[in-house]
Amino acid sequence: MSEMNRRDVMKTGLAMAALGAAANFEWVLPALAQGETVMPFTEFPPTFNPAPAVDRRLFDTRTLSGAFTPPEQFFTTQHYGHPEVDAAAYRLKVGGLVKTPKSLTIDDLRKMGSTDLIAGFECSGNRRPVQGLVGNGRWTGVPLKTVLESAGLNADAREIVFFGADRGKESVNFRGTNFDVEQQYGRSIQRDRALSPEPFLAFALNGAPLTKHQGAPLRLIMPGWYGAPNVKWLSEIVAQADPYLGKFQANWYRTLKGEMINGEMKWVESAITHLQLKSFVARVTKSGNAHKVTTIVLNDGTPIKSVEVKVDEGPWQAATADPSTTAKYGWKLYNYTWNGAAAGEHTVMSRVTDATGKVQPTEAELVNKKTFLEDNSQHPRKVMIS
Ligand SMILES: Nc1nc2c(c(=O)[nH]1)N[C@H]1C(S)=C(S)[C@@H](COP(=O)(O)O)O[C@H]1N2
Ligand SMILES: [Mo]
């Protein structure tokens, strides 16, 4: 399997080379070297299936083959399945509190100036033992700001809402009465953030048009944020004065946690927005007598100070940044060479510290987080060494 993997990676590397030397460089590491083999994670469920449904896919991080996740391996998940979007008839509608409502084709968007953005993200529900709802890509598209400026936001447009083409029946409960209504997947951000340089409308991933899994023909990417805000099959942008309270903004993607505020523990409900500082062991490989622990690191774009790896009850040891993953909003890969690993089952764990001194929390430190989303705790991986 490792040989296959390596050959596939080399093929992709050549394809990328045709697109430009810089892109090729980013692909060189960390493909498996000749004779390098992957050690099994014993904590994985024996029934683990990376593709449990046609519209759902997990990334098996042990098959990591480069800085960017190949589109056919990119994780995918959504609430209402894949909508049918007719590429020829497709228009992005921009309306609400704008001066000039727009109806734009992908070609119109391309003409507004296409650029690249490297961004990685995980689903806010990504957690142990598999940690497979994670990916990193080079996205091509247009900054959201460019599109909003072309429509011209009115002075009273304070909230920008993004709707996907996917729809479903939802039961909206009001004081004990359920109202069954059809809704689109929707998310929103505030005006200042929408007009900042970061939010991005992507039509391609790693140089190829988006597949339906990743939201063809257009999706929002919020660099440094969780997956939920990255609205796929983006069909409408609506500018409004009031906060948007749709299910997937205000209700479903929510964290309940206790926080000390004004000297008192308060139970705060917050929306899922920027990525919490996180690292986890993606794979462990063997090459000759040496073992290598590779970790994936994600955060909101704050520079990383250090990543450390701990084996069993040993001390924290510094891991080394992979030079192929330096983009501000991309995931970062860090490697640790584990010398003298004895055969048998071991626990390997990583922890990341950012430049502000913030340290990835332990599981115990998250005890006041009651809901399971945003689990960025240190993850002790069980691995079988041979
Ligand atoms: N239109 C639409 N966009 C969506 C969703 C959805 O259900 N509908 N799910 C969100 C969630 S919860 C995640 S984690 C990401 C997954 O993106 P991916 O399938 O490209 O990995 O899409 C987000 N965008
Ligand atoms: Mo998600």
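Two strands are said to pair if DSSP finds at least two bridges between them. Strands themselves are DSSP runs (E, at least two residues), numbered from the N terminus. The model discussed here is predicted, and its local features need pLDDT of at least 70. Residues are numbered from 1 along each chain as its sequence is written.

Strand β16 (residues 304–311) provides a suitable starting point. With strand β17 (residues 317–318), β16 is joined by two bridges, and the two strands run antiparallel. Within this pairing, V309 has Q317 as its bridge partner, while E308 lies opposite A318. The two strands form a hairpin with five residues between them. In this hairpin, D312 adopts a positive phi near 50 degrees.

Strand β16 also pairs with strand β20 (residues 344–354), again in the antiparallel sense, over seven bridges. Here K310 stands opposite M349 of β20.

These pairings belong to an open sheet of four strands, ordered β17-β16-β20-β21, in which the pairing is antiparallel. The edges are occupied by β17 and β21 (381–385); each has a single partner strand, and therefore one side of each is left without a neighbour in the sheet.

The surroundings of β16 may now be considered. A residue counts as buried under 20% relative accessible area, as exposed over 50%, and as partly exposed in between (1.4 Å probe, protein chains only). Six of the eight residues of β16 are buried, so this strand is largely enclosed by the rest of the structure.

Notes:
Chains are lettered from A and ligands numbered from 1 in the order in which they are written. This is a predicted model: local features need pLDDT of at least 70, side-chain atom pairs count only at pLDDT 80 or more; totals for chains, interfaces and linings use all residues. Side-chain values use heavy atoms; hydrogens and water are left out.
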